[in-house]
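Work through the exercises below with the sequence and coordinates open beside you. Each task is followed by a solution that goes step by step.

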Amino acid sequence: MILLALPNKGRISEPVNKVLEKAGLKIMVQGRSLFAQTVDEEIKVMFARAKDIPEFVADGVADVGVTGYDLVLERGVEDKVEFLLDFNFGKARLVIAAPEDSNINSIDDLRNGMKIATEFPNLTRKYLKSRGLNLEIIELSGATEIAPFIGVADLISDLTSTGTTLRLNHLKIVDEIVSSTTRLIANKESLKDEKKRKKINQIVTGIKSVLYAETKRLIMMNAPKDRIEEIRKIIPGMSGPTISEVLSDKGMVAIHAVVDEKEVFPLVNKLEELGARDILVIPIERIL
Ligand SMILES: Nc1ncnc2c1ncn2[C@@H]1O[C@H](COP(=O)(O)OP(=O)(O)OP(=O)(O)O)[C@@H](O)[C@H]1O
Ligand SMILES: O=P(O)(O)OC[C@H]1O[C@H](OP(=O)(O)OP(=O)(O)O)[C@H](O)[C@@H]1O
Ligand SMILES: [Mg+2]
């Protein structure tokens, strides 16, 4: 049996659940229960705060878990867990920021004794120490951006993604501590257990198949037979495009191929120029 720890709220909770659902690992949630069964009776789910999941996985309370890279570092358990995969969302950078009108512009302008407000006290302290600095850490549990303006701190260390919150609060980035994304992590002992490892690998394969498929599209079209060679040149596909006869029209063939999402726009235009018709671009749920 595998216990998988998932975030119960916060911004990564929903996207993670969506990926698992697409991977076929349906979770049977009952109301506000913090435990759930899945379609695989060997995999059970527990819901917890993303912040606490690194500790649960490191201690073996859960075998695997989904959380942010920043939160693993903040708990200081990065050497106790194995990083299995990167979801590539929940992208944020932990940065040191100062009021726009202050004369602090780089890490070199920081002085011992200055106050820095943060939700990431351990990570911030460790980073500053590595730069030979010893600031007073003011631990807050959110809305850190307000701290410099109410006289609570000179600086903050907080997450930034689009940069909107920093801008709105008239703060400028002074330095970057770490860049983070959502990760699947595992307990090292669980991975040593043959049965558990097999189950964990199935979860990894399932998630990877979904994340990979999200970057791809299935493209289908009818095209003149005499243009096949030219079309083949511009759509590599996974193992080459599949070409089949169109019964109603001897001069036409049906072609389908899997292509990179980024290639779709220019590709469709070129295909039309080569006489392709009835072009369909279809999302793919999983690629194994
Ligand atoms: N603005 C953001 N953009 C993208 N990812 C973010 C952002 N803010 C936080 N994260 C990431 O979300 C992950 C989960 O954090 P958390 O569960 O605290 O979510 P949250 O949405 O900040 O919830 P809350 O602040 O209500 O506790 C963290 O790893 C963090 O790096
Ligand atoms: O660069 P942006 O896209 O504006 O995102 C950055 C903001 O997002 C997070 O806050 P969150 O919404 O989690 O609120 P919190 O401060 O209460 O954690 C983070 O702490 C920043 O405040
Ligand atoms: Mg937050």
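Two strands count as paired if DSSP finds at least two bridges between them, and the strands themselves (E, at least two residues), like the helices (H or I, at least four), are DSSP runs numbered from the N terminus. The model is predicted, so that local features need pLDDT of at least 70 and side-chain atom pairs count only at pLDDT 80 or more, whereas totals for chains, interfaces and linings use all residues. Residues are numbered from 1 along each chain as its sequence is written, chains are lettered from A and ligands numbered from 1 in the order in which they are written, and side-chain values use heavy atoms, with hydrogens and water left out.

**Exercise 1. Determine which strands pair with S13, and in which sense.**

Step one: S13 (residues 216-224) pairs with strand S15 (residues 252-260) over 9 bridges, in the antiparallel sense. Step two: 5 bridges join S13 to strand S16 (residues 277-283), and this pair also runs antiparallel. Step three: Arg-217 has Val-259 as its bridge partner in S15, and it stands opposite Pro-283 in S16.

**Exercise 2. Establish the strand order of the open sheet that 7 strands form, and find its edges.**

Step one: the order is S2-S3-S4-S1-S5-S12-S6, with mixed pairing. Step two: strand S2 (27-28) and strand S6 (81-86) each have a single partner strand, so one side of each is left without a neighbour in the sheet. Step three: within this order, S3 (residues 35-38) and S4 (residues 43-48) are joined by 3 bridges and run antiparallel, with Ala-36 opposite Val-45 in S4.

**Exercise 3. Describe the surroundings of strand S10 and explain why it is largely enclosed.**

Step one: S10 covers residues 155-160, and 5 of these 6 residues are buried, so the strand is largely enclosed by the rest of the structure; buried means under 20% relative accessible area, with a 1.4 Å probe and protein chains only. Step two: strand S7 (residues 92-99) pairs with S10 in the antiparallel sense over 5 bridges, and Arg-93 stands opposite Thr-160. Step three: strand S8 (residues 115-118) pairs with S10 in the parallel sense over 3 bridges, where Ala-117 has Ile-156 as its bridge partner.

**Exercise 4. Find which element gives the most to the shell around ligand 2, and list polar contacts of this ligand.**

Step one: 13 residues surround ligand 2, the closest being Arg-11, Glu-145, Ser-161, Thr-162 and Thr-165, where a residue is near if one of its heavy atoms lies within 4 Å. Step two: S10 gives the most, with 3 residues, and both S10 and helix H5 (164-168) supply at least two residues each. Step three: taking a polar contact as a pair of N or O atoms within 3.5 Å, a polar side-chain atom of Arg-11 lies 2.6 Å from an oxygen atom of ligand 2, and one of Thr-160 lies 3.4 Å from an oxygen atom of this ligand. Step four: the protein covers 66% of the 490 Å² of accessible area that ligand 2 has on its own, by the Shrake-Rupley method with a 1.4 Å probe.

**Exercise 5. Identify the residues that come nearest to ligand 1, and state how much of its area the protein buries.**

Step one: of the 13 residues around ligand 1, Arg-11, Arg-49, Gly-68, Asp-70 and Lys-91 come nearest. Step two: an oxygen atom of ligand 1 is 2.9 Å from a polar backbone atom of Arg-11, and an oxygen atom of the ligand is 2.4 Å from an N or O atom in the side chain of Asp-70. Step three: ligand 1 exposes 600 Å² when taken alone, and the protein buries 71% of that.

Definitions and conventions: Buried < 20%, exposed > 50% of the residue type's maximum accessible area, 1.4 Å probe, protein only. Polar contact = N/O pair within 3.5 Å; in protein donor to acceptor, adjacent residues only side chain to side chain.
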